[in-house]
Amino acid sequence: MNRPHQQDQEIAAIVDAPDQFYRELEIQFLIHELKDPIAIIETGLRTILEKRDKFGPLSLKQENTLKRTLRNTKKTRSMLNNLLEIGRSQSGCFVCSHFRPAKSLFQIMKDALEIMTGPLSEEIGKYQTEKDASELLIQNGIFLDTSSQAANIEMFQDEIKFCQIVGNLLKNALHHRRSRVDINMTVENKDLLLLVSDDGPGVDPEHQELIFKRYAQVKECSIVARKGHGLGLAGALILARCLGGDIKIESQKGQGATFCLMLPLQLENDQG
């Protein structure tokens with residue numbers, strides 16, 4: 001006879017503590033559950049766009065709407081992958097391999113453009129190397145400068161996490177730029193240095209720590225001019241530090257921003 005009363009008390013406790021649900025939610029399981037429907041949506045959109053002989057022609061307005069939806073679907077998938085990699089890093093899960101960061105950088109750039117832009121992403125998809133695409137990138141205000149040493153260096157790191165970090169920095173710069181993004185890759189001692197600069201609104205020095213805190217942009221009206229910071233940069237910093245590196249920012253309000261990623265060329269055993 002007391003069971004209904006007990007259930008009422010349990011429900012009341014949940015209502016009184018609305019954040020309890022989120023504390024008990026298995027986030028990693030939720031992310032995995034979300035990845036499947038996102039993949040199905042992305043596949044469906046690609047199929048309609050790429051197999052018009054089967055599904056019929058599209059008007060220009062329909063095509064643009066589908067492409068915009070596809071870009072946002074890819075953005076959602078990228079966010080989910082970021083969350084998974086952050087969780088794996090904090091659990092000490094690393095999968096290291098030898099790879100050339102300069103080669104990875106161009107693919108990361110292509111992926112970032114595919115999510116952030118329209119026509120340019122379609123054009124750059126036709127190119128296989130940075131050299132072939134350099135003129136197209138310059139025409140669109142994107143300048144890549146890789147030192148001769150960095151162009152041929154190999155890293156022994158977690159390449160997936162490296163791509164997530166660099167991808168977040170590139171998407172951030174593309175989102176905030178007025179007309180230009182500069183990417184410079186060099187090697188210093190046993191570290192890879194990657195500088196990503198934009199000519200956007202910049203960040204006051206007193207607010208620079210805030211942009212690496214999750215969702216700081218919603219709470220701090222003083223940095224609204226450079227909104228969009230939050231999970232992406234916070235996640236990039238977590239991943240970089242888990243890989244033995246760091247990210248620093250140099251910026252003045254109204255004068256753009258430069259994010260400097262430093263990563264050891266070889267992940268030390270005690271990092272994994």
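Let me start with serine 78, which counts as buried because its relative accessibility is 10%, below the 20% cut-off for that term. What we have on the screen is a predicted model, so please take each value I give as computed from that model.

Serine 78 lies in helix H5, and although glutamine 164 is 86 residues away from serine 78 in sequence, the two C-alpha atoms are 8.4 Å apart in space. Helix H5 runs over residues 60–90 and also holds glutamate 63, which at 16% relative accessibility counts as buried. The side chain of glutamate 63 is joined to the side chain of lysine 67 by a polar contact of 2.8 Å.

From there I would like to move to helix H10, which covers residues 159–176. How far does H10 reach from its first C-alpha to its last? With 18 residues, H10 reaches 26 Å, close to the 26 Å expected at 1.5 Å a residue. Of those 18 residues, 14 are buried, and H10 is therefore largely enclosed by the rest of the structure. At the start of H10, a side-chain oxygen of aspartate 158 comes to within 3.2 Å of the backbone nitrogen of isoleucine 160.

Now to the aromatic residues, and here the structure holds one aromatic pair. The partners are phenylalanine 99 and phenylalanine 162, whose ring centres are 5.4 Å apart and whose planes stand at 50 degrees, so the pair is described as tilted. The pair links distant parts of the chain, since phenylalanine 99 belongs to strand E1, residues 97–99, while phenylalanine 162 belongs to H10, and 63 residues separate them. Are these two residues buried or exposed? Phenylalanine 99 is buried, with a relative accessible area of 5%, and phenylalanine 162 is buried too, with a relative accessible area of 1%.

Another ring deserves a word, that of phenylalanine 143, because the charged end of arginine 180 sits over that ring, within the 6 Å limit for such a contact, at 3.8 Å from its centre.

Next comes helix H6, residues 101–116, where alanine 112 is found. The 16 residues of H6 should span 22 Å at 1.5 Å a residue, and the end C-alpha atoms are indeed 22 Å apart, which agrees. The buried residues of H6 include Pro101, Leu105, Phe106, Ile108, Met109 and Leu113, and for alanine 112 itself the relative accessibility is 2%, which counts as buried. Which residue lies 8.2 Å from alanine 112, C-alpha to C-alpha, though 56 residues apart in sequence? That residue is asparagine 168.

Let me turn to the sheet. Strands of a sheet pair through backbone hydrogen bonds, and they do so either parallel or antiparallel. In this model there is an open sheet of five strands, in the order E2-E4-E5-E7-E6, and its pairing is mixed. Strand E2, residues 142–146, and strand E6, residues 246–251, stand at the edges with a single partner strand each, so one side of each is left without a neighbour in the sheet. From one strand to the next, the twist averages 15 degrees.

Going through the pairs, E2 and E4 run parallel and are joined by five bridges, with isoleucine 142 standing opposite valine 181 in E4. E4 and E5, by contrast, run antiparallel and are joined by eight bridges, and here the bridge partner of isoleucine 183 is valine 196 in E5. At the other edge, E6 pairs with strand E7, residues 257–264, in the antiparallel sense over six bridges, and isoleucine 249 stands opposite phenylalanine 259 in E7.

I will finish with the turn between E4 and E5. Asparagine 189 lies in the loop between strand E4, residues 181–188, and strand E5, residues 191–198, and this hairpin has two residues between its strands. What is the phi of asparagine 189? Although asparagine 189 is not a glycine, its phi is positive, at about 55 degrees. Unlike the buried residues I have named, asparagine 189 counts as exposed, because its relative accessibility is 72%, above the 50% cut-off.

Technical notes: Residues numbered from 1 in each chain as written. Predicted model: local features only at pLDDT ≥ 70, side-chain atom pairs only at ≥ 80, totals over all residues. Heavy atoms only, no water. Phe/Tyr/Trp six-rings, centres within 6.5 Å; stacked < 30°, edge-to-face > 60°. Helix = DSSP H or I, 4+ residues; strand = E, 2+ residues; numbered from the N terminus. Buried < 20%, exposed > 50% of the residue type's maximum accessible area, 1.4 Å probe, protein only. Lys NZ or Arg CZ within 6 Å of the ring centre and 35° of its normal. Pairing = 2+ DSSP bridges. Axes fitted to C-alpha atoms, helices over the stretch in contact; angles between N-to-C directions. Expected span 1.5 Å × (residues − 1). Polar contact = N/O pair within 3.5 Å; in protein donor to acceptor, adjacent residues only side chain to side chain.
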